[in-house]
Amino acid sequence: MPIDDLLAATDFKEDEILDAYRDLMKVEGTTYLFPEDSNVNLLYYNVDLFKEAGLDPDQPPQTIEELDAAAEQLTKLNGDKIDRLGFIPWLDAGDESYMWGYIFGADYYDTASKQVKLDDPHLIEMYNWMNTYAQKYNPEKIKSFSSGFGGAFSPDHPFFSGKVAMTINGNWFSNALKQYAPNVNYKVAAIPAPDGGRKNSSNFGTNIFMIPKGAKNSEAAMKFILFGVKPEIMADNINQWRSLSIYKEQNDAIKWDKEGDEIYKIVREVASSPDSGHPALTAVAKEMSNELMLLRDSVIYNNHDPQPLLQAAQKKLQEEVDKKK
């Protein structure tokens, strides 16, 4: 149900929360959702492997060109065998449908005109860039190399074992490192971006509240939501996962703020960027995600030109949007 009237009856002030949440909360100016907390994506890199490769761990890559150069320097090949890859663009958060396109500058969907925007030079550039890794190292060899990798909460994750020197993952990945690879010497940085892309930013993964239509006590529901998002209430969760409070102001209940944690400082800096936000705020977001995953695999495994594939996906998805109007 719309919650503007419910919010107006409380002491909530919209300017107290991070700007990036506002587009998520509203549809055509009416508020339906309320954010609880969020995750942002970061570049994780192995400090010891940087030093071994002659790279300065205090100067992480900031551009796509610098990322590619560092990845090549960190890669170890043994004939036809891959011993280590500096970077795999589609590993971890890089496997998310929207993440890299968002960093490259794509908008995916125009909420005002209700137009799907996949035939976008930013997306064409991004998929062609991904494909350079596939063509350079052979996509089937990368697939074989990565087939034994474990997930983020597994001791077999390639970043833990040194099989991959850099990866993109959420702020919560630092807790996985603490649990499964406490001896890995790592740092984090903002995701590298190309010229024309979204520098020092991230797509958000946000947990949300909503109140169903017909709720018997919507006023109490609204009070519960505002209670639940308070930093002192969210602190246990945030202090474990380094997730992001919705509020701009720091709070001593969040130990990362209180202790000046370096990782959380970067989390906050990235989250505060005017370029950080939520891609593809559309009723066909799931269908779009599926299309983009299939499209990416077609590019990196079959060396297909992404532009006609994007044009076809745009046409297909626009027809779905028009049906829902």
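# Close-up views of a predicted model

**View 1. Tyr137 in helix 6.** Tyr137 is a residue of helix 6, which covers residues 121–137. This and every view that follows come from a predicted model. With a relative accessible area of 9%, Tyr137 is buried. Which residues does Tyr137 touch, once neighbours within four places in sequence are set aside? Its contacts are Glu72, Thr75, Leu77, Ile82, Leu85 and Ile142. Lys81 makes a handy landmark here: 56 residues separate Lys81 from Tyr137 along the chain, and their C-alpha atoms are 9.9 Å apart.

**View 2. The protein chain as a whole.** Let us step back for a moment to see where the close-ups belong. The protein chain is built from 15 helices and eleven strands. Its C-alpha trace spans about 70 × 50 × 35 Å along the principal axes. The radius of gyration is 21 Å, which agrees with the value near 20 Å for a compact globule of 325 residues. Of those 325 residues, 51% count as buried. Among contacts with a separation of 6 or more, 71% link residues 24 or more positions apart. The exposed surface comes to about 15,500 Å², with carbon and sulfur atoms supplying 48% of it. As for charge, there are 34 positive and 50 negative side chains, and the centres of these two sets lie 3 Å apart.

**View 3. Ile246 in the loop after strand 11.** Ile246 sits in the loop that runs between strand 11 (244–245) and helix 12 (255–258). Is Ile246 buried or exposed? Its relative accessible area is 0%, so Ile246 is buried. Beyond its neighbours within four places in sequence, Ile246 is in contact with Glu16, Ile17, Leu18, Tyr21, Phe34, Pro35, Glu36, Asp37 and Val229. Asp19 is worth finding in this view too: Asp19 and Ile246 are 227 residues apart in sequence, with 9.2 Å between their C-alpha atoms.

**View 4. Helix 13 and its start.** Why is helix 13 described as largely enclosed by the rest of the structure? Seven of its ten residues are buried, so the description fits. The buried residues of helix 13 are Ile263, Tyr264, Ile266, Val267, Arg268, Val270 and Ala271. When reading such a list, remember that an α-helix has 3.6 residues a turn, so residues three or four places apart point the same way. At the start of helix 13, look for Asp261, which has a side-chain oxygen within 3.2 Å of the backbone nitrogen of Ile263.

**View 5. Thr282 between helix 13 and helix 14.** Follow the chain onward from helix 13 (262–271) and you meet Thr282 in the loop that leads to helix 14 (285–302). Thr282 has a relative accessible area of 16%; buried means under 20%, so Thr282 is buried. Leaving out residues up to four places away in sequence, Thr282 touches Tyr109, Met288 and Val321.

**View 6. Glu291 and its partner Lys316.** Glu291 belongs to helix 14. With a relative accessibility of 18%, Glu291 counts as buried. Which side chain makes a polar contact of 2.6 Å with that of Glu291? The partner is Lys316. Lys316 also appears among the contacts of Glu291 outside four places in sequence, together with Ala313 and Leu317.

**View 7. Two asparagines with positive phi.** Asn303 occupies the loop between helix 14 and helix 15 (306–324). The phi angle of Asn303 is near 60°, a positive value in a residue other than glycine. Asn303 counts as partly exposed, at 46% relative accessibility. Asn200 is placed in the loop between strand 9 (186–189) and strand 10 (204–209). Asn200 is not a glycine either, and its phi is positive at about 50°.

**View 8. Pro182 in the loop before strand 9.** Pro182 is located in the loop between helix 9 (173–180) and strand 9. Is Pro182 buried or exposed? Pro182 is exposed, and its relative accessible area is 57%. To place Pro182 against the early part of the chain, find Pro2: the two prolines are 180 residues apart along the chain, and 46 Å separates their C-alpha atoms.

Note on methods:
Residues are numbered from 1 along each chain as its sequence is written. This is a predicted model: local features need pLDDT of at least 70, side-chain atom pairs count only at pLDDT 80 or more; totals for chains, interfaces and linings use all residues. Side-chain values use heavy atoms; hydrogens and water are left out. Helices (H or I, at least four residues) and strands (E, at least two) are DSSP runs, numbered from the N terminus. The radius of gyration is taken over C-alpha atoms; the globule rule is 2.2 Å times the number of residues to the power 0.38. Buried means under 20% relative accessible area, exposed over 50%, partly exposed in between (1.4 Å probe, protein chains only). Contact means heavy atoms within 4.5 Å. Accessible areas come from the Shrake-Rupley method with a 1.4 Å probe; for residues, only the protein chains shown count as cover. Lys and Arg count as positive and Asp and Glu as negative; His and the chain ends are not counted. The place of a charge is taken as NZ of Lys, CZ of Arg, CG of Asp or CD of Glu. A polar contact is a pair of N or O atoms within 3.5 Å; within protein, one must be able to donate a hydrogen and the other to accept it, and residues adjacent in sequence count only if both atoms are side-chain atoms.
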